[in-house]
Amino acid sequence: MLLEKLTLANGVSGNEKEVRNLIYKEIIDFADYIKIDKIGNIIAYKKGKKKTDKKILFIAHMDEVGLIVTDIDENGFLKFSTVGGVDKRVLVSKTVKIGENKIPGVIGSKPIHLQKKSERNEAFELEDLYIDIGVDSRTDAEIKVNIGDYVAFDTKYEEFGNGCIKAKALDDRVGCSILIDLIKDENIEYDFYVAFSVMEEIGLVGAGPVAFNVKPDICVIVEGTLCYEMPNLDSHLMPTRLGYGPAISLIDRHTLYDFELREKTVSLAKQHNIPYQYRKTSSGGNDAGEIQVSGEGAKVLALSVPTRNIHSSSSIIKKDDYFNTLSLIKYLIPSICKEDK
Amino acid sequence: MIDSNLLKNMVSIYGPSSREERIRNLIIKEIEEYVDEIKIDQLGNLIAHKAGCGDKLMISANMDQLGFIVIDIDEKGFIRFTNIGKCEPIHLIGQRVQFENGIKGVIFYEENSTENKITFEKLYIDIGSNKKEDTLSKVNIGDICILANEYIENEITIISPNLDDRLGCYILVEVIKNLNNTEYDLYFVFTTQGKVGARGAKTAAFSIEPDISLVIDVNRARDTPKQERSNVKLFNGVTIDIMNNSYITHSEIKNTLLDLVVKNNIKYQLEVSDDDITDAGSIHLSKYGVKTTVVSIPCRYVHTSSEIATKEDIIMCLKLINSFIGKL
C-alpha cells in the first residue's frame, strides 16, 4: 500500500517537506488544480463530471508527533523536547531518526539495576532521557546533527494479524492515504477540494489558512483517532474499536459536529452496509475546530480510522476500517451535492 | 415590565449548542415584523438587520443552552453522556433532563465508585427503561438533552435553568420590539455555540464587520454564603464587564455606558473577573478589530438547573441597551 511509503516518510509538525513532496508527486497527475500555500499546506481541486454549488473540502493533516533536538552535551548525547502530544512514557529505548539525513539514534535512560525503588515506580522525566547517536563527543555529534533537528520514530511498516497494519504516524497518514486514493478515483461525480494540512498536532495551525483560502461550505476531516479497548472496560469508556468501521465524531474539545451531516453519513452507511461507529469521547480535537469558525463558517464532519497506540512509535489500524472509510466518503460526495437540486 | 410568558417560553425551549433550531424559530417569530432582514449563517447564527446610516452596531447574545450528548447506551438501557458547555458533574446528580423528542430522564452516578471525585464518566441518565432496545427506541447516540427544571417566578426574582443566556436573548427581543429612531446601522445577533467557546460569534462578526459591538450575557454573582470575594451582587443592577478571561473592554464604549447610567439613573455595577470566554472574546478580534463591551445581568448558580436573576437587574440592563441605541 501507498500507506507504507507515507508512514516511512518523516514529517514531524513544522517539518512536513518529505511527506508533502511525496503527496504532491502522487496527486499532481490527478488534480485539476494544486497549490502549496505559504505555510506548506497542499490544496488541490478535482473536477467532477457534474457541477455543484456546494464547496466540499476533504482534509487530512500531514504532520506527525515527534521530538526536536534542544541541546547536545559533552558526551555527544542529544537532549530533546516533544513536538505535539507525545506520552513521555513511550519513549524509553525507542529507535529514532534525526534530521534530514535520518541519522539513527536510540533513546537512552538509566538501567533498571541502577534505579532506586522510588524511580522504578515513576516514568522518567524528559530531562532523564537522551538520544544516543553512537558518538563520543559533542564535536562528533555536531558533524551529524544540529540543535533544532527534528526527530521521528524509526518504525518498520508491517502488515500482520487479521488484516492489521503497524506503523508510526498513522495519525494522520492514514487520512492522507485515503484522500490520495479519493483524488485518484476518476469516477467521482462532483467537484471537490482536498487539502493536506501542516502543524495540526501543535494546535491546528495549518487548517485556518486552508479554510480561509478554500472557503468551504462543508468540510470532512479524515483522521486516525484514538482506539482503546482493554478487557473489562465499560463500553462508554472505549472511544472507538478496531475493525468496527469508520468512527463518526459527535463532539471533541473544539467542535460539535453538524447534526445533519452526521445523520446523512449514518444513513448512507446503513444503506450500503458499511459498518460505522461513534467516537465516544469528547477528548482530543482536529482541524474541524479551526475550519468551522473560519470566515463565515463551515459545516463539519469527521470520519476517523480507529488507531491503537496513537501518538506512539507503533500504531495499529485495521485495513477494513481504512477501506470502509474510503467507500463511505465516496458515497458521501454525491449525497451531499445532489440535495437541494 | 417583564413579559413573563415570553421569558418563560424562551428559557424553556430546546436549543443546546449546535441544535439551536427551536429557539431560533421562536425568536424569528417574535422579531420578524420589526426588522428589515433576517439571515441564518452556516453555524446557525440568527442575524437580524435594521438598517440605519450610522456606525454598524452589533448587539448579540448567545441563544444556545447547556446540554448533554449521548455517547453510549449499555445493555441495561442506561445512557452515558458527556457535557456540552461547562458545568460541575456534582451539580447534576438527581437532576432531570429532557430530550428534543420529549423523553425525560434523571441523572445519577455510580454510587459504589471507589474514587472520590465525581466525573462525567461516572454519571449516567436513567430514562426508566428496562433494556438497551427499549432505550434505543427512544434515544439515539448523539442525541442531546437539556436540564428540565421548571421556570419559577416570584415578585422580585426568576429561578430557572438557561437564564444564561436566554436572558440576553430576551433583552434583545424586547429591544427589537421597542426600537425607536436610531442612527446606528443595527445588527442583532443571536449566536450559536456560545456555551462551548464563542464559536458562532466568530463567524457572525466576520460577516457583519461591525464598528461597535455590545454583548449581552449573564455573569456570576458571588453574593451567596461563604463565596469568594467579588463585586457582583444580585439586586445591584446591570454589570458593565471591564475585563474577563477573553477580552478587555474598549474604553470609549465603557465611558459612553458610564455616562448613560448616570444620566438615565440606571443602577449598575462594574466587574473585573477571571470568568470564562464570552462572545466578546471572538468578536473584538474579528478582522480589523471591533470596539466591544460586555453588559451583563448578575446571576447566581450559573450553569446549573436553577440559575437565579432579579427582575430589577434585567430591567436595568434593558434600559441601558435602549439608551445606548438611542444616544446618538
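Student: Leaving aside neighbours within four places in sequence, which residues is Leu179(A) in contact with?

Tutor: In this predicted model, Leu179(A) is in contact with Phe58(A), Ala60(A), Val194(A) and Val222(A) once those sequence neighbours are set aside. To count, two residues need C-beta atoms within 7 Å of each other.

Student: What makes Leu179(A) worth naming in the largest nonpolar core?

Tutor: That core has 96 residues, and Leu179(A) is listed with Phe58(A), Ala195(A), Cys219(A) and Val220(A) as having the most contacts inside it. Helix α5 of chain A, residues 170–184, gives the most to this core, with eight residues.

Student: Which residues does the second, separate core include?

Tutor: Among its 66 residues are Leu26(B), Cys169(B), Val189(B) and Leu257(B).

Student: Why is Ala169(A) called buried?

Tutor: The cut-off is 20 or more other C-beta atoms within 10 Å. Ala169(A) has 30 such neighbours, so the residue counts as buried. Ala169(A) sits in the loop between β11 (164–167) and α5 of chain A.

Student: And why is Tyr301(B) called partly exposed?

Tutor: A residue is exposed at 12 or fewer neighbours and buried at 20 or more, with partly exposed in between. Tyr301(B) has 17 C-beta neighbours inside 10 Å, so it falls into that middle class. Its place is the loop between β17 (291–299) and β18 (307–310) of chain B.

Student: What makes the phi of Ala169(A) stand out?

Tutor: Its sign: phi is near 60°, a positive value in a residue other than glycine. Tyr301(B) also has a positive phi, of about 60°, and is not a glycine either. As background, most residues other than glycine have a negative phi, and most peptide bonds are trans.

Student: Where is there a cis peptide bond in chain A?

Tutor: One joins Asp171(A) and Asp172(A), with omega at about 10°. Asp172(A) is found in helix α5 of chain A. In chain B, a cis bond joins Asp164(B) and Asp165(B), where omega is about 0°. Asp165(B) lies in helix α4 of chain B.

Student: How do you know that the buried residues of α2(B) are on the same side of the helix?

Tutor: Start with the residues: in helix α2 of chain B (21–31), Ile23(B), Arg24(B), Leu26(B), Ile27(B), Glu30(B) and Ile31(B) are buried. They cover an arc of only 160° around the axis, so they sit on the same side of α2(B). An α-helix has 3.6 residues a turn, so residues three or four places apart point the same way.

Student: What do those buried residues of α2(B) pack against?

Tutor: Their partners in chain B are α1 (4–12), β2 (46–50), α4 (163–177) and β12 (185–191).

Student: How is chain B divided into domains?

Tutor: Domain 1 takes 4–65 + 161–325, while domain 2 takes 67–147. Their C-alpha centres lie 30 Å apart. Between them, 12 residues of domain 1 are in contact with 11 residues of domain 2. The domain 1 side has four nonpolar, five polar and three charged residues.

Student: How many residues does each chain bring to the contact between chains A and B?

Tutor: Chain A brings 19 and chain B brings 23. On the chain A side, eight are nonpolar, six polar and five charged.

Student: What confidence does the predictor give the complex?

Tutor: The ipTM is 0.90 and the pTM is 0.94. For chain B, the mean pLDDT is 94, and 99% of its residues reach 70 or more.

How values were computed
Residues are numbered from 1 along each chain as its sequence is written. Chains are lettered from A and ligands numbered from 1 in the order in which they are written. This is a predicted model: local features need pLDDT of at least 70, side-chain atom pairs count only at pLDDT 80 or more; totals for chains, interfaces and linings use all residues. A nonpolar core is a set of buried Ala, Val, Leu, Ile, Met, Phe, Trp, Tyr and Cys residues joined through C-beta atoms within 7 Å. Helices (H or I, at least four residues) and strands (E, at least two) are DSSP runs, numbered from the N terminus. pLDDT is the predictor's confidence in each residue, from 0 to 100. Ala, Val, Leu, Ile, Met, Phe, Trp, Tyr, Cys and Pro count as nonpolar, Asp, Glu, Lys and Arg as charged, and the others, Gly among them, as polar. The arc is that of the directions from the helix axis to the C-beta atoms. Domain bounds come from an automatic or database domain assignment.
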